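Student: I have a new protein model on my screen and would like to explore it with you. Could we go through it step by step?

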Amino acid sequence: RKAQIGVTGLAVMGANLARNLARNGYTVALHNRSSEKTDALLEAHGSEGDFIRTETLQELVDSLESPRRILVMVKAGGPVDAVIDQLVPLLDKDDIIIDGGNSHFPDTIRREKDLAEKGLHFVGVGVSGGEEGALNGPSIMPGGSAKSYESVGPMLEKIAAKAEDGSPCCAWISTDGAGHFVKMVHNGIEYADMQVIGEAYDLMRSVANIEPAEQAEIFKQWNTTELSSYLIEITAEVLAQVDSKTGKPFIDVIVDQAGQKGTGRWTVQSALDLGAPITGIAESVFARALSSSNSAAREQAQKGFTDGLIATTGVATADPEFVEDVRRALFASKLVSYAQGMDMLSIAGKEYGWDLKLDTIASLWREGCIIRAELLAEIMEAYKDEAPANMLLAPAFNKLMEELVPSWRRVISKAVALGIPVPVFSSSLAYYDALRRDRLPAALIQGQRDYFGAHTYKRVDAEGDYHVMWSDDLREVNAEDAHV
Ligand code: NBP
């Protein structure tokens with residue numbers, strides 16, 4: 001017998017995807033660089049489906065039906081190239097290598113091009129949902145050629161999470177690195193989503209004196225509102241947890257320095273390259289960096305920065321009106337993060353030549369992934385027919401924002417007066433306000449740029465580019481005539 005798919009790299013993600021494939025009726029060939037992981041998987045879960053054990057990549061290749069499909073689930077970066085280099089001489093034309101790890105999209109573009117020249121297919125697949133998702137149904141974002149999707153798509157769709165309407169959270173995104181790019185933006189939104197929840201928690205605790213256990217109940221309740229999402233759900237669980245050693249709230253024994261593995265950083269780096277204004281997402285990445293990059297500075301500033309903050313919060317303990325304001329501010333900031341993520345996708349689509357369907361992408365995030373939320377069904381609707389110029393301009397969101405804005409402003413004003421940092425709440429409001437403002441001080445920046453660098457400016461009342469002879473007679477000249 002031959003296997004329909006091979007998996008190499010059987011750490012937690014690879015092992016769980018292999019089990020998911022086998023549970024869905026596929027014969028799965030297993031391989032890992034060191035065979036301990038293969039044996040451990042077979043020992044613990046070998047009875048879950050039809051597995052073929054292999055020890056070498058040659059054995060793996062020989063065990064597969066043609067054209068071969070090999071899912072690579074090794075550590076992102078060098079190991080992926082190392083595995084590809086070993087596989088290539090063993091493969092035949094039209095075989096497909098699938099990279100389901102968190103690879104950076106430029107690597108995926110490069111690998112796809114290299115392998116296409118060799119007559120092989122390379123499919124970079126974004127997978128979200130952690131270990132649990134990999135086993136029971138992740139959100140899957142495949143790139144690569146449309147032709148290779150014909151071969152791998154049905155399998156991926158089968159093992160993917162299913163949305164409420166039964167459709168799989170897996171669809172072809174676009175060519176080469178598009179799948180990994182979309183997964184990267186997903187992770188950027190995830191960072192912002194987590195940060196805004198953190199800011200809401202901090203405000204409720206610092207301003208309205210609400211202890212973690214009570215907040216757990218509030219988040220549980222919020223999970224029945226339009227905020228309903230996986231991250232709100234797990235926040236309630238984390239806040240309800242009590243430390244077994246000290247009896248304190250669990251959150252109070254965790255060092256307040258956030259880690260990151262790099263996908264959020266990639267999102268921001270890529271946004272800078274694209275000129276995509278994902279301010280809230282960037283703030284969320286920097287907020288993690290600020291928490292952890294210089295603990296000596298944080299320690300000294302706690303004692304050293306003693307400006308006169310107002311002494312009382314002016315908010316009664318657990319004031320329900322304040323709590324509702326925070327909920328609305330959280331929701332508004334969350335909407336901005338998604339709007340920024342969708343905007344970045346639309347800019348990237350044009351830059352990289354990907355025909356990205358934003359409604360499809362939103363649909364893939366409805367289940368299986370970390371940012372899964374009820375909101376995504378509405379985002380999908382908002383992009384269904386004609387894409388709005390910005391997600392917040394879709395009629396449903398436009399109206400919603402109007403309802404949320406007063407609470408948003410009140411909460412941020414309070415935070416500023418009390419010296420509580422709310423970087424994503426406040427930068428998201430600044431983004432919203434910048435979008436809606438009739439005149440931006442960008443006009444002054446253009447004036448300054450023209451002054452020191454003859455960078456020229458456009459006029460509100462005429463076509464063309466202009467320059468003022470700043471160091472001469474202050475005459476305005478047409479840039480073309482003045483050769484600037
Ligand atoms: P790891 O990222 O921890 O990678 C471990 C695997 O890589 C092992 O099978 C190891 O083999 C193999 N490997 C390494 Br390291 N170097 C190798 C090389 N030079 N040649 C061959 N194999 C090599 O595994 P993971 O946490 O399961 O994640 C796999 C991928 O999925 C990563 O890209 C990760 O970022 C991504 N991802 C993870 C999650 C998550 O929640 N963990 C979620 C979504 C995506 P060995 O056993 O012989 O050392």
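**A pair of strands**

Tutor: Happily! Keep in mind that this is a predicted model. Let's start with a facing pair: Val-127 stands opposite Ile-140 in strand 7.

Student: In which sense do strand 6 and strand 7 pair?

Tutor: Strands of a sheet pair through backbone hydrogen bonds, and there are two possible senses, parallel or antiparallel. Here strand 6 covers residues 121-128, and four bridges link it to strand 7. The sense of this pairing is antiparallel.

Student: Which residues of strand 7 point the other way from Ser-139 and Met-141?

Tutor: In a regular strand, side chains alternate between the two faces of the sheet. Strand 7 spans residues 139-142, with Ser-139 and Met-141 pointing one way, and its residues are all buried. Pointing the other way are Ile-140 and Pro-142.

Student: Is Asp-99 buried or exposed?

Tutor: Asp-99 sits in strand 5, residues 96-99. Beyond its neighbours within four places in sequence, it is in contact with several residues, including Val-72, Phe-122 and His-180. Its relative accessible area is 1%, and since buried means under 20%, Asp-99 counts as buried.

Student: Which side chain does the side chain of Asp-99 join in a polar contact of 2.4 Å?

Tutor: For this one, look at N or O atoms within 3.5 Å of each other. At 2.4 Å, the polar contact of the Asp-99 side chain is with the side chain of Ser-103.

Student: Which strands stand at the edges of the open sheet with the order 8-9-10?

Tutor: The three strands of this sheet pair in the antiparallel sense. An edge strand has a single partner strand, so one of its sides is left without a neighbour in the sheet. That describes strand 8 and strand 10.

Student: Which residue in strand 10 is the bridge partner of Tyr-466?

Tutor: Strand 9, residues 465-468, runs antiparallel to strand 10, and three bridges join them. In strand 10, the partner of Tyr-466 is Asn-478.

Student: Is Thr-456 buried or exposed?

Tutor: Thr-456 lies in the loop between helix 19 and strand 8, and its phi is positive, near 70°, although it is a residue other than glycine. Ala-454 is found in the loop between helix 19 and strand 8 too, and at 27% relative accessibility it counts as partly exposed. Thr-456 has 12% relative accessibility, so it counts as buried.

Methods: Residues are numbered from 1 along each chain as its sequence is written. This is a predicted model: local features need pLDDT of at least 70, side-chain atom pairs count only at pLDDT 80 or more; totals for chains, interfaces and linings use all residues. Side-chain values use heavy atoms; hydrogens and water are left out. Helices (H or I, at least four residues) and strands (E, at least two) are DSSP runs, numbered from the N terminus. Buried means under 20% relative accessible area, exposed over 50%, partly exposed in between (1.4 Å probe, protein chains only). A polar contact is a pair of N or O atoms within 3.5 Å; within protein, one must be able to donate a hydrogen and the other to accept it, and residues adjacent in sequence count only if both atoms are side-chain atoms. Contact means heavy atoms within 4.5 Å. Two strands pair if DSSP finds at least two bridges between them.
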